[in-house]
Amino acid sequence: MRAHGVHAYIVPSTDAHMSEYISKRDARLGWLTGFTGSAGTSVVTQDKAALWTDSRYWTQAERELDCNWELQRTTWIESIAMWIMEAVPVGGNISLDPFLFSVATWNSYSQALYGSGRTLLPLETNLVDQAWGDQRPSPSSSKIYSLPAAFTGSSWQEKVAGIRQQMEQHVRRPTAVLLSGLEETAWLFNLRGDDIPYNPVFYSYTLLTNTSISLFVEGSRLSVAARESLSSGCPGPLCVELQEYGQVSAHLRNYTLGNVTVWLGTEYTTYGLYGIIPQEKLLEESYSPVMTAKAVKNAQEQELLRAAHVRDAVAVIQYLLWLEKKVPQGQVDEFSGAQHIDALRRAQQHSHGPSFQSISASGLNAALAHYSPSNGSSRTLSADEMYLFDTGGQYLDGTTDITRTVHWGQPTPLQKEAYTRVLMGNIDLSRLVFPSNTAGRTVESFARRALWDIGLNYGHGTGHGIGNFLSVHEWPVGFQSNNVPLAAGMFTSIEPGYYRDGEFGIRIEDIALVVEAQTKYQSEEKPFLTFEVVSLVPYDRNLIDLSLLSSEQIQYLNSYYKKIRERVGPELQRQQLQEEYKWLQESTEPFPVGSAVTTTATTAMLALTSLLSVLLSGLQA
């Protein structure tokens with residue numbers, strides 16, 4: 001820092017592609033601080049150092065940070081800027097690596113420090129990497145491979161043609177699209193790698209123009225089949241020219257000397273790349289056309305994801321039966337449970353391991369929404385406590401993510417009511433019918449209503465998109481304010497929960513496909529939409545209070561259980577899992593539907609109807 005005249009240096013938890021998960025080589029924040037959480041920002045001055053992170057990681061950070069570090073319990077950039085201004089005198093330089101910060105984050109820092117007398121100075125030499133030296137993990141050298149045609153929705157040539165068509169139809173007529181998100185390039189070319197744990201992606205950039213395609217990647221890592229696929233259209237507009245990964249900045253700088261317009265998505269583009277392009281030659285939107293195209297799965301991709309969820313359900317059902325046998329004997333802890341379900345998934349056809357680090361949380365640990373056990377500290381599962389497991393798999397045909405919460409003993413009245421109301425929220429959103437072009441944020445509260453009725457809530461988002469053998473959290477689909485409107489063909493999770501600090505946690509998560517709704521009256525414009533749940537694992541009957549459910553909710557459950565039997569039952573028999581098949585039959589027995597709705601349920605349905613009428617006026621995005 002002294003050598004570069006830097007008075008404060010900001011270190012994020014991101015990589016150069018704004019990836020949610022990062023490789024060990026990019027874990028700069030972890031190496032510098034000792035903090036292993038997935039989200040945080042640190043600032044180092046000549047005599048002080050501080051870490052900012054959100055409430056998920058406060059306890060963890062307290063354990064992992066040594067006395068050099070101050071823990072700041074917020075993530076607001078304004079808070080970071082205030083701390084910097086107190087630590088750095090007027091005239092000081094605040095530096096960061098512009099290739100590790102998004103455009104929006106750079107702008108936020110710039111605005112927060114504006115007029116303070118301090119200078120925000122981009123520094124392309126990464127100071128952490130210099131200090132890390134030869135101890136920094138080496139880049140991945142594993143092969144980048146082509147996805148077999150049976151597991152792709154369309155050829156990469158068809159995808160390129162589709163993006164070029166969008167370029168032609170755009171009012172600005174961009175001449176190129178710049179792709180920085182790793183899943184964008186992987187999806188576009190039907191290629192996969194393993195540079196980042198749990199994510200089948202590889203380090204790359206793409207510049208797709210009207211007449212050429214440049215792929216910036218370590219070319220020696222491409223498999224023979226991948227190389228042949230990319231060069232099959234050479235020479236010509238469908239010829240992929242391989243460039244060195246590190247040459248993207250120089251290539252982009254040279255390209256933008258011409259009469260061009262570059263289309264990019266700011267959510268995944270770093271300020272370092274963004275700053276190379278002259279403003280008058282930029283077409284910037286939140287997401288690139290590849291990211292939005294990837295979000296809407298075609299019929300083939302939908303079938304692939306459905307098939308992956310059938311086999312995934314087999315593994316989860318095997319796990320639930322195993323737990324029923326082993327937990328009462330005190331033979332399972334959180335860590336061994338996570339290892340076991342990972343192993344069950346790996347045994348399934350087309351498996352490429354878990355899609356994220358398995359969350360296996362017993363009792364009070366389940367109150368931490370993103371808790372993951374370690375071999376050194378892991379609670380023994382007990383029949384007298386709630387157990388939450390949030391796990392997923394990577395398969396050639398799709399990515400999965402499912403959460404179930406169970407109790408093998410006698411749950412308390414609060415546990416049972418809270419679980420039932422979380423389930424009601426899951427059901428209410430899953431069966432909702434809504435107009436086309438509805439923003440997810442406008443219907444998200446249906447997942448919370450049953451909890452709100454008794455003064456309960458949860459602090460995380462209600463859902464996220466998911467990929468076809470790609471990211472388990474796939475933007476821009478979901479229920480948050482920065483997600484795009486819901487459209488047929490999108491997959492999203494639906495995952496309400498409830499967490500009682502120091503006691504227990506509940507979450508019920510399913511993956512659902514947005515489909516056209518079969519309504520009594522057909523809309524004159526676009527058809528109404530609803531969800532088709534593709535996760536196929538029954539809920540814990542021991543935790544359901546039927547008296548709280550309406551007859552419609554019970555009928556939905558019975559219909560869902562019938563679908564589970566029809567789709568998963570044959571697969572269990574095909575795999576000769578007779579004990580699991582018997583367990584499934586018992587666990588999906590239809591619930592009795594009363595002749596009248598209970599008073600509680602009637603009140604709940606009136607509240608739901610009222611909420612729907614209020615929301616419908618603002619549903620159009």
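Trainee: Which residues of the largest nonpolar core touch the most other members?

Mentor: The model is a predicted one. Its largest nonpolar core holds 83 residues. Those that touch the most other members are Leu429, Phe531, Tyr539 and Val568.

Trainee: Which helix gives the most to this core?

Mentor: The contribution to be named amounts to 11 residues. They belong to a helix that spans residues 299-326. That helix is H12.

Trainee: Between which domains does this core lie, and why?

Mentor: The protein is divided into domain 1 (2-135), domain 2 (145-293) and domain 3 (299-588). Two of these domains both give residues to the core, so the core lies between them. They are domain 2 and domain 3.

Trainee: With which residues is valine 568 in contact, leaving aside its neighbours within four places in sequence?

Mentor: Valine 568 is one of the residues that touch the most other members of the largest core. Once its neighbours within four places in sequence are left aside, the contacts of valine 568 are Val310, Ala313, Val314, Ile317, Leu536 and Leu584.

Trainee: How many residues does the second, separate core have?

Mentor: Ala186, Tyr203, Ile213 and Val240 are included in this second core, which is separate. Its number of residues is 29.

Trainee: At roughly what angle do the axes of H12 and H13 cross?

Mentor: Helix H13 covers residues 334-346, and its axis comes within 9 Å of that of H12. The contact is made on the H12 side by Asp312, Ala315, Val316, Gln318, Tyr319 and Trp322, and on the H13 side by Gly337, Ala338, His340, Ile341, Leu344 and Arg345. H12 passes H13 in a right-handed crossing. The axes cross at roughly 145°.

Trainee: Which cysteines form a disulfide?

Mentor: A disulfide requires two cysteine sulfur atoms within 2.5 Å, and the count by this rule comes to 1 disulfide. Its sulfur atoms are 2.0 Å apart. The link is right-handed, with 80° about the S-S bond. The two partners are cysteine 234 and cysteine 239.

Trainee: Is cysteine 239 buried or exposed?

Mentor: Buried means under 20% relative accessible area. Cysteine 234, its disulfide partner, has 35% relative accessibility and therefore counts as partly exposed. Cysteine 239 has 12% relative accessibility, so the class of cysteine 239 is buried.

Trainee: What distance separates the centres of domain 1 and domain 3?

Mentor: Domain 1 covers 2-135 and domain 3 covers 299-588. With centres taken over C-alpha atoms, the separation is 35 Å.

Conventions:
Residues numbered from 1 in each chain as written. Predicted model: local features only at pLDDT ≥ 70, side-chain atom pairs only at ≥ 80, totals over all residues. Heavy atoms only, no water. Buried < 20%, exposed > 50% of the residue type's maximum accessible area, 1.4 Å probe, protein only. Domains from an automatic or database assignment. Core = buried A, V, L, I, M, F, W, Y, C linked by side-chain atoms within 4.5 Å. Helix = DSSP H or I, 4+ residues; strand = E, 2+ residues; numbered from the N terminus. Contact = heavy atoms within 4.5 Å. Axes fitted to C-alpha atoms, helices over the stretch in contact; angles between N-to-C directions. Left-handed = near helix turned anticlockwise from the far one by under 90°.
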